[in-house]
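Hi everyone, thanks for coming. Let me put today's model on the screen, and then we can walk through it together.

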Amino acid sequence: MHRAKTVAQRKPIDSCKQMTDLILGYLNNRLKPALRREFEQHLRICPDCVHFLNTYKKTVALAGTLKTSEISEPVRRNVLSFLRQKALAIAALMLSWFFQATS
Amino acid sequence: MLARQVSAAIGVQTPLCQTAPQTMTPRAVQRRRKSAPDDSAIIERLKNGDQEALETLFKLHSAKLFSVAQRILGETSEAEEVIQDVFWTAYRKAKSFKGNSQFSTWLYRLTVNAALGRVRRSKNKTHVEYEEFLPKFQKDGHHLVRPVVDWSDTLEEKYAQREIQSLVANALGRLKPIDRSVIVLSDLEGLSDKEIAAALNLTVSAVKTRLHRARLFLRGNLAAVLGHSAT
């Protein structure tokens, strides 16, 4: 049966590469407490990883603020008009089938 | 100095972050906090072919889905067609919605599928190989290019907001369409990994892998544009 590695079995964090692999879990609060402590301990001795983490977080924040064009009123009207016509066409078709079947 | 930077990097236990993932953007948090509209009554009416229910559904979800389509496609005109297809499909296939996921997730799924279908048929494929923009390491596991430059605080000094938006949008446009979809649903829409997995028909593990890799790629792109090592 598969079991998650215990802290004792797991290799301790000793490289920036491992840190990079753990960033997503760290930022989502998904690291186990012991691993989280190790992660933060590494940050205390490694400015490169601090800088990498800061720029990663900045990237995520920037992506989240991307603006998009609002759906314009003419577009909204066009799509609604299309949907109404299609729905009416289907309703008419169903009615004609009904009358054919009952006549 | 490092102590202060470390505190900034890990000192994120603000009231906001106690209830939301640390990486959740303000927009995503805002969307999360809004209570989801109760779609169940609308779904039942849709299943009975109620045309007014279709219009209500459109009013509730069109802005959000249009934004998603636009981000995946990069074009407004095609996003309009996608939205048209999505709501028509939702109307026709409402009966096939079994309620295994949230209705909004199903709508996201229809939207992403329609947008990705158009991207696949498009001749204008702009995504690039990721390797150049992903972090690289020495044999001992340290960063290959040192020191790693922290440009997170200086970006706004060098570029106007509009330019920054353009840089990020360009980088997003270079992602593979499926990874772009993951970023859009996660970092712009604030969906959970589980919801994204349901919308994209991926495993949660695959979502996490794609999300992390896509973010690393975006980060590398921004670093390169700013004149620093992408790695």
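So, a question to begin: what percentage of the contacts in chain B with a separation of 6 or more is accounted for by residues 24 or more positions apart? The answer is 66%. Please keep in mind that this is a predicted model.

Let me stay with chain B for a moment. Its secondary structure comes to 12 helices and 0 strands, so you will hear a lot about helices from me today. Of the 231 residues in chain B, 40% are buried.

Now have a look at one helix, α9 of chain B, residues 161-173. With 13 residues at 1.5 Å a residue, α9(B) should span 18 Å, and its end C-alpha atoms are indeed 18 Å apart, so the two values agree. Which residues of α9(B) are buried? They are V168(B), A171(B) and L172(B). These residues cover an arc of only 105° around the axis, which means that they sit on the same side of α9(B). The general background is familiar: an α-helix has 3.6 residues a turn, so residues three or four places apart point the same way. Turn α9(B) over, and on the other side you find R162(B) and E163(B), which are exposed.

And what do the buried residues of α9(B) pack against? In chain B, they pack against α10 (177-188) and α12 (204-225), and in chain A against α3 (47-64).

That brings us to the contact between the chains. Chain B gives 59 residues and chain A gives 46 residues. On the chain B side, the elements that give two or more residues include α1 (2-10), α6 (76-92) and α9. The largest share of that side comes from α5(B), with 10 residues. By class, the side of chain B that touches chain A has 32 nonpolar, 16 polar and 11 charged residues.

Finally, let's cross over to chain A, where α3(A) has a partner of its own. Helix α1 of chain A, residues 16-27, packs with α3(A) at an angle of about 40°, and their axes are 11 Å apart. The crossing of α1(A) past α3(A) is right-handed. Among the residues making this contact are M19(A), I23(A) and L27(A) from α1(A), and F52(A), L53(A) and Y56(A) from α3(A). Taken by class, the residues of this contact are 8 nonpolar, 1 polar and 2 charged.

That's my tour, and I'm happy to rotate the view for anyone.

Note on methods. Residues numbered from 1 in each chain as written. Chains lettered and ligands numbered in written order. Predicted model: local features only at pLDDT ≥ 70, side-chain atom pairs only at ≥ 80, totals over all residues. Helix = DSSP H or I, 4+ residues; strand = E, 2+ residues; numbered from the N terminus. Expected span 1.5 Å × (residues − 1). Buried ≥ 20, exposed ≤ 12 C-beta atoms within 10 Å, placed from the backbone. Arc of directions from axis to C-beta. Contact = placed C-beta atoms within 7 Å. Nonpolar A, V, L, I, M, F, W, Y, C, P; charged D, E, K, R; others polar. Axes fitted to C-alpha atoms, helices over the stretch in contact; angles between N-to-C directions. Left-handed = near helix turned anticlockwise from the far one by under 90°.
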